[in-house]
Amino acid sequence: MPDNTREKTRIFDFEELGFDENYVVILYNGPQDMLYVLEVLMEIFNKNPSSARDIMLKAHYTGSSIIGHYGKDEAEQLVQQVNQKNVSTRNTLRVEAIKE
C-alpha cells in the first residue's frame with residue numbers, strides 16, 4: 001500500500017549554516033612588533049609575505065585593514081586562533097570579525 005504522506009523538507013538558511021561570505025576579518029593598528037603581525041598573517045590567515053606586508057602597512061597607516069572575507073564560522077575561528085596566539089606569546093594584536 002503506497003504511503004501518500006509528504007515528507008517535510010527543511011530549507012536551510014546558508015547564513016544559519018555559516019556558509020555566507022559576508023564577514024570580514026579586520027586587523028587594527030597597535031603597538032605590536034611587525035614581525036609578529038607578519039607571522040600571524042602568514043601562519044593563521046595563510047597570506048604570502050607580500051600580501052601580509054601590504055595588509056600590515058595599510059593597518060599601520062590608516063588604522064585598520066581588511067585581512068579577508070570569510071564565512072561566519074571561519075571568521076570567528078580565525079579570530080579565536082589569533083587571540084589564543086596572543087595569550088601564549090603575550091601579545092595584543094587586535095583582529096575582529098565583522099558582518100558586512
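This is a tour of one predicted model, stop by stop, with what to select at each point. Local features are taken where pLDDT is at least 70 and side-chain atom pairs at pLDDT 80 or more, while totals for chains, interfaces and linings use all residues. Residues are numbered from 1 along each chain as its sequence is written, and side-chain values use heavy atoms, with hydrogens and water left out.

**Whole chain**

Start with a cartoon view. The protein has 3 helices and 3 strands, and along the sequence they follow the pattern β-α-α-β-α-β. Helices (H or I, at least four residues) and strands (E, at least two) are DSSP runs, numbered from the N terminus.

Switch to a surface. About 7200 Å² is exposed, and carbon and sulfur atoms supply 50% of it; the areas come from the Shrake-Rupley method with a 1.4 Å probe, and for residues only the protein chains shown count as cover. Of the 100 residues, 33% are buried. Buried means under 20% relative accessible area, exposed over 50%, and partly exposed in between (1.4 Å probe, protein chains only).

Among contacts with a separation of 6 or more, 71% are between residues 24 or more positions apart. Contact means heavy atoms within 4.5 Å.

**The sheet**

Select residues 23–28, which are strand E1, then add E2 (64–70) and E3 (95–99). The 3 strands form an open antiparallel sheet in the order E2-E1-E3. E2 and E3 are the edge strands, each pairing on one side only. From one strand to the next, the twist averages 30°.

E1 is joined to E2 by 6 bridges and to E3 by 5; strands count as paired if DSSP finds at least two bridges between them. To check the register, show Leu27, which stands opposite Ser65 in E2, and Val25, which stands opposite Ala97 in E3.

How many residues of E1 are buried? The count is 6 of 6. Tyr23, Val25 and Leu27 lie on one side, with Val24, Ile26 and Tyr28 on the other.

**Helix H2**

Now select residues 49–62. This is helix H2, which lies across E1 and E2 and runs at about 135° to E2. Axes are lines fitted to C-alpha atoms, for helices over the stretch in contact, and angles run from 0 to 180 degrees between N-to-C directions.

**Phe45 and Tyr70**

Show these two side chains. A search of the whole structure finds 1 aromatic pair. Phe45 and Tyr70 form it, tilted, at 6.4 Å centre to centre with 50° between the planes. Rings of Phe, Tyr and Trp (its six-membered ring) pair if their centres lie within 6.5 Å; planes under 30 degrees apart are stacked, over 60 edge-to-face, and the rest tilted. Phe45 is in the loop between helix H1 (34–43) and H2, and Tyr70 is in strand E2, so the pair ties together parts 25 residues apart in sequence. Both Phe45 and Tyr70 are buried.

**Arg94, Tyr28 and Gln32**

Move to Tyr28. Arg94 lies over the face of its ring, at 4.0 Å from the ring centre. A charge sits over a ring if NZ of Lys or CZ of Arg is within 6 Å of the ring centre and within 35 degrees of the ring normal.

Finish at Gln32, in the loop between E1 and H1. Gln32 has a relative accessible area of 13% and is buried. Neighbours within four places in sequence aside, Gln32 is in contact with Val37, Thr92, Leu93 and Arg94.
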